[in-house]
Amino acid sequence: MGAFEFLLIVLAIIGILAICYIMIYNKLQIEKTKIEHAENLIDENLRSKYDIMVRANDVIKKELKDKKEYLKEYIDLKEKKISNFDLDRELTQAENIIANLCNDNPELEKNENMIEITYDFKMINEKLTACISYYNKQMNLLNGYIRKFPNNIIAKLHNVKSKPFFDGKDMTDNDIEDFKL
């Protein structure tokens, strides 16, 4: 075997390795893009849920004469820096307060605006559930992908790290008590 043939073999091996590298890198980028898209959808839906809650607060203030600020701490969530998971939990609590107020006050339950708000909550919750499910599925795929060899090497080179699921649970750590209720 001559020097020329040896050079061709080396170039072929380098070419195959380069193609493998590019394929793995592209797969990582596709998965990251899907996760970022899911995160954006969750953000958008949480903002919509917050806006629905603010609308409900306005109707409650208008309809109920007791002037009590039932949702003040939830309205103030806009000023706090919390995770999407915690924001979702807080908004769900606010939604439960609104539902209880409607059950306890017939004038609210029959109010056309409140009926529309209840419907809007239902629709946004369905969207959020789908987005969170998609996010967790994509996160699971990415986390599994970057644990495999040689993907893990390329992921480290490009600082792609394993992330927790939507609820903040990190399945890769040893903390068995980070379950959130």
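In this predicted model, helix 1, which spans residues 3–63, and helix 5, which spans residues 112–146, make a natural place to begin. Their axes come within 9 Å and cross at roughly 160°. Because angles over 145 degrees count as roughly antiparallel, helix 1 and helix 5 are described as roughly antiparallel to each other. The crossing in which helix 1 passes helix 5 is left-handed. Sorted by class, the residues in the contact of helix 1 with helix 5 comprise 27 nonpolar, 5 polar and 10 charged ones.

Two residues help to bring this pairing into view, one from each helix. Glu31 belongs to helix 1, while Gln138 belongs to helix 5. Is Glu31 buried or exposed? Its relative accessible area is 3%, and since buried means under 20%, Glu31 counts as buried. Gln138 can be read in the same way: with a relative accessible area of 4%, Gln138 is buried too.

Which residues does Glu31 meet, once its neighbours within four places in sequence are left aside? Glu31 is in contact with Gln138, Leu141 and Leu142. Viewed from the other side, and again not counting residues up to four places away in sequence, Gln138 touches Glu31, Lys34 and Ile35. The contact between Glu31 and Gln138 thus appears in both lists, and a reader following the structure by eye may find this pair a handy landmark where helix 1 meets helix 5.

Beyond the end of helix 5, Pro150 sits in the loop that leads from helix 5 to helix 6 (151–157). Pro150 is partly exposed, and its relative accessible area is 33%; this value falls between the limits of 20% for buried and 50% for exposed. How far apart in space are Pro150 and Ile124? From C-alpha to C-alpha the separation is 40 Å, and in sequence the two lie 26 residues apart.

The cysteines complete the picture. How many disulfides does the model contain? The count comes to 0, where a disulfide would require a pair of cysteine sulfur atoms within 2.5 Å. The surroundings of two cysteines can still be described. Cys20 is partly exposed, with a relative accessible area of 39%, whereas Cys131 is buried, with a relative accessible area of 10%.

Notes: Residues are numbered from 1 along each chain as its sequence is written. This is a predicted model: local features need pLDDT of at least 70, side-chain atom pairs count only at pLDDT 80 or more; totals for chains, interfaces and linings use all residues. Side-chain values use heavy atoms; hydrogens and water are left out. Buried means under 20% relative accessible area, exposed over 50%, partly exposed in between (1.4 Å probe, protein chains only). Axes are lines fitted to C-alpha atoms, for helices over the stretch in contact, and angles run from 0 to 180 degrees between N-to-C directions. Helices (H or I, at least four residues) and strands (E, at least two) are DSSP runs, numbered from the N terminus. Angles under 35 degrees count as roughly parallel, over 145 as roughly antiparallel, 65 to 115 as roughly perpendicular and the rest as oblique. A crossing is left-handed if the near helix is turned anticlockwise from the far one by less than a right angle, and right-handed if clockwise. Ala, Val, Leu, Ile, Met, Phe, Trp, Tyr, Cys and Pro count as nonpolar, Asp, Glu, Lys and Arg as charged, and the others, Gly among them, as polar. Contact means heavy atoms within 4.5 Å.
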